[in-house]
Amino acid sequence: MSTREPPIVLPATSPASSPSQSAVIVFIHGFGDTAEGPSSVAEQFQRADKLPYASWTIPNAIEERDLGATAWYMPTRLSPYPPSRPELEDDEDEDGMLRSVRYITGLIDELVAQGVPEKRIVLAGFSQGHVMTLLTGLISKHAGKLGGLVGLSGYMAISDRVPALREEAGLPKDVEDNIEIFLARGTGDRLVPKRYHRLCCEALVKFGVKEEVLTIKEYEGMGHVMGASELRDLSAVFVYMLYEFSFPYETSDPNAKANHPTNDGEAQQPKQQQQRPDYKSINWSRKPIQHPVKSFIQLPTGTPLKLPRIQFDFKKEDPTAKNIREKRKEEVRKQFLKCWTSYRQMAWMHDELKPISGEVNDHFGGWAATLIDALDTLWIMGFKEEFESAIKDVEQIDFGYTALSQVNVFETNIRHLGGLLAAYELSGENRLLNKAKEVGEMLYHAFDTPNRMPVTRWDFRAAGEGKQQLADPQVLLAEIGSMTMEFTRLSQLTGDPKWYDAVTRVSKELEKQQDNTHLPGMWPIVVNGRKLDFTEDNTFTLSSMADSTYEYLGKMHALLGGQDPIYKKMYEKAMAAAIKHVLYRPMTSDDSDMLASGAARVEGSTVFLDPELQHLGCYTGGMFAIGGKLFDNNEHVTIGRKLADTCVWAYKSNPAGIMPEVSHLVKCANTTACHWDDRAWHAEVTARADLQREADPLRNIAGLRLPLGFSSIEDRRYILRPEAIESVFILYRITGEQSWQAAGWDMWTSIMRVTDTDIGNAALLDISADTPPMTDSMESFWMAETLKYFFLLFSDPSSISLDEYVFNTEAHPFKLPEAKAKA
């Protein structure tokens with residue numbers, strides 16, 4: 001007879017005020033284990049104050065008497081080699097799996113009955129638990145409705161039956177939802193060979209899972225266990241899934257669909273922006289502050305210093321070169337107008353236009369993100385009539401209400417506040433400054449916590465009702481440290497110091513703890529805003545989830561006219577640590593002297609560098625180059641050039657002429673001398689690939705579609721990102737070298753060849769294909785950043801001079817203070 005013990009339930013250490021705001025992680029153990037195993041992991045999270053708002057439900061598998069062990073189903077042998085006769089392979093225990101799916105589904109039913117939203121439930125599992133996680137997430141009635149699925153060291157079972165089982169459950173045969181899936185394994189896992197991991201990923205894509213929601217990670221040398229590095233990453237993954245990192249705003253009804261405008265050639269009216277929620281609009285300027293500041297930190301009152309010249313001293317332009325440049329500039333301008341006109345006709349007052357279907361997205365509060373994000377681009381490109389026409393509709397946006405239950409403070413700050421401030425800076429139109437103040441009043445309330453640290457994933461309505469709020473115990477470095485420019489500029493323009501005070505308190509904490517982290521000089525990706533502990537985590541990067549905090553250090557020095565020394569001090573310490581531990585020289589076939597920015601993990605006294613290359617990390621070229629000019633450090637200008645060179649090389653290296661979202665290169669032993677080595681490249685590819693799939697490394701490389709020098713490509717998408725062209729633009733403005741314009745034009749022609757649609761530009765799923773498949777997405781930063789940087793690259797250098805403006809991380813230019821003294 002088989003028996004089952006009840007689940008282990010670990011309550012949240014900081015419970016939510018209501019079930020609707022709670023979160024639950026359902027973690028499924030592996031073969032031969034019990035709930036006691038994962039419960040020890042959950043307790044580690046809780047002792048470290050990780051995910052304190054989440055409770056854990058850890059079910060037990062049946063103890064199978066015939067096996068003498070606990071199991072979710074009868075296991076089969078997993079061979080590292082493909083079978084010579086598939087018909088002789090062991091039959092999979094479908095009945096046992098489906099029985100377990102029903103049991104797990106019942107547990108989720110109980111949580112939902114208690115009031116926990118399905119989107120706040122993450123299903124995770126190890127080994128056999130990985131199998132049950134995927135099956136439950138694909139074929140149960142909760143399919144597509146959960147916060148995410150996490151599978152560790154497992155595989156995909158009964159894959160040939162999944163489409164039919166979905167139909168039997170009343171689900172579409174193909175997966176049509178956007179649920180996030182994270183899969184991980186160790187390269188030393190011999191119980192579940194790599195072949196099964198690969199087949200699992202291929203099966204999910206075949207079922208219809210979109211590649212953009214599928215994250216795959218391998219841990220070097222880790223066996224069939226949950227390793228320390230993997231657990232640290234899981235902390236961020238759970239936060240990501242439970243609080244909608246990929247879609248920064250969570251609708252109050254996860255099944256609700258946006259109201260699609262009609263494509264009738266007429267602009268939509270503001271009243272059609274969104275359905276009004278069932279509460280009164282909040283007047284944030286009149287809402288009392290629960291934790292008022294007794295004495296504001298004031299803006300510097302001295303005379304701004306004269307900063308070193310940043311831009312190259314351009315001479316009179318050759319007529320032929322000018323003619324080519326202006327023709328290219330006009331091509332960019334025409335493409336922007338096409339995208340803008342389509343947005344105005346088909347998605348006006350919505351956040352984003354879908355460039356294939358013509359439908360809309362409202363992930364950014366329903367506050368017309370594309371409209372506000374692109375306002376300053378309209379002005380810079382000379383579309384003054386369109387600009388003036390848009391202002392009256394901007395005035396109608398109500399930042400006192402949203403149909404969404406949670407607001408991403410960081411995204412609202414850089415897109416909406418940054419966009420309105422820049423549009424005001426350029427035009428002098430006071431109506432835009434008034435709207436910027438509205439956004440600022442709203443966002444200021446996210447800082448209304450006992451320690452004045454912001455709530456970055458903000459319960460908009462609860463704050464409006466005056467409910468108590470606490471800073472987040474786990475927050476991304478980029479989100480807590482990247483509001484300085486916008487809040488500072490708002491204080492400068494209005495004379496009200498409260499916004500400057502709010503962000504300066506964060507900056508002072510960063511400065512105070514900078515030398516006390518596991519990698520002194522840098523801050524980890526995840527910090528604790530509630531405990532004011534910015535030192536605990538051990539993963540460091542200049543790229544995703546940390547990026548703009550570093551980017552803003554030098555830019556804040558400039559925006560304040562060099563009057564606050566802490567930003568120069570933090571910049572120099574951070575960049576010194578990054579140069580030593582995060583930057584690396586990639587091995588290339590022509591022995592190019594280039595640099596890339598990876599990720600560092602600290603274990604004890606040892607720093608491990610992961611030679612990753614992220615498209616988002618391409619901004620570092622411009623950051624180092626501008627920092628080098630600002631602080632008279634030629635070495636940093638050279639480093640910036642080498643970082644930008646790598647991104648240009650990565651574009652040229654791929655079949656579509658565009659670099660992928662995430663990839664890995666081969667790290668040279670040092671940054672001074674490095675020569676191409678076929679064997680070293682093949683060995684690195686083999687180490688990251690499926691050892692069993694192909695004995696010949698050259699065939700392995702061909703099968704993985706790897707360009708020369710790439711050891712792996714984890715994410716083959718291009719989402720219309722701006723970071724590479726951003727650095728190309730900056731390097732051109734700093735050096736005056738036309739080779740940067742040539743590189744930018746190559747990037748432009750490649751992007752246009754494969755992203756252009758009838759109504760805009762579409763993101764790509766796989767840049768490894770010569771003609772990559774498109775995805776129906778055009779984020780607001782395409783018109784706010786990418787097209788703006790391309791346009792400015794081919795504009796007269798006096799247009800938005802780097803000696804007169806500083807860009808926020810969304811490419812919104814803020815005017816620098818007039819200087820009267822030598823720095």
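In the predicted model, the centres of domain 1 and domain 2, taken over C-alpha atoms, are separated by 33 Å. According to the domain assignment, domain 1 is made up of residues 8–78 and 94–244 of the protein chain, while domain 2 covers residues 284–815. The contact involves 25 residues from domain 1 and 23 residues from domain 2. The size of an interface is often expressed as the accessible area that is lost when the parts come together. For domain 1 and domain 2, the buried area is about 2,000 Å², and 41% of it lies on carbon and sulfur atoms.

Polar pairing across this interface was examined next. No salt bridges are found between domain 1 and domain 2, and one residue pair is in polar contact, with both residues at pLDDT 80 or more. On the side of domain 1 that touches domain 2, at least two residues are supplied by each of α5, β9 and α6 (228–242). The largest share of that side, five residues, comes from α6.

Helix α5, one of the contributors to the interface, comprises the 14 residues 194–207. The expected span of this helix, at 1.5 Å a residue, is 20 Å, and the end C-alpha atoms of α5 are 20 Å apart, so the two values agree. The helix is mostly covered, with 10 of its 14 residues buried. At the start of α5, K194, R195, Y196, H197 and R198 are among the buried residues; further along the helix, C200, C201, A203, L204 and F207 are buried as well. The elements that cover these residues include the helices α3 (128–139), α4 (162–168) and α20 (678–688), together with the strands β8 (181–186) and β9 (214–219). Of these, β9 also supplies at least two residues of the side of domain 1 that touches domain 2. After α5 comes G208, which has a positive phi, near 115°.

Attention then turned to charged side chains. Side chains of opposite charge can pair when their charged atoms come close. The structure holds 40 salt bridges. One of them joins K338 and D756, with a distance of 2.8 Å from N to O. This pair links distant parts of the chain, 418 residues apart: K338 belongs to helix α7 (residues 319–346), whereas D756 lies in the loop between α23 (738–755) and β26 (763–764). K338 counts as partly exposed because its relative accessibility of 24% falls between the limits of 20% for buried and 50% for exposed residues. D756 is likewise partly exposed, at 33% relative accessibility.

A further salt bridge is formed by the side chains of D593 and K642, at 3.0 Å from N to O. Here too, distant parts of the chain are linked, as D593 is in the loop between β19 (583–584) and β20 (596–597) and K642 is in helix α19 (residues 634–653), 49 residues apart. The relative accessible area of D593 is 36%, so this residue is partly exposed. Salt bridges that share partners also occur, and they join E94, R161 and E168 into one network.

R309 and D313 form another salt bridge, in which the closest N and O atoms are 4.0 Å apart. Both partners are partly exposed: the relative accessible area is 49% for R309 and 42% for D313.

Methods. Residues numbered from 1 in each chain as written. Predicted model: local features only at pLDDT ≥ 70, side-chain atom pairs only at ≥ 80, totals over all residues. Heavy atoms only, no water. Helix = DSSP H or I, 4+ residues; strand = E, 2+ residues; numbered from the N terminus. Expected span 1.5 Å × (residues − 1). Buried < 20%, exposed > 50% of the residue type's maximum accessible area, 1.4 Å probe, protein only. Contact = heavy atoms within 4.5 Å. Domains from an automatic or database assignment. Buried area = accessible area lost by both parts, 1.4 Å probe. Polar contact = N/O pair within 3.5 Å; in protein donor to acceptor, adjacent residues only side chain to side chain.
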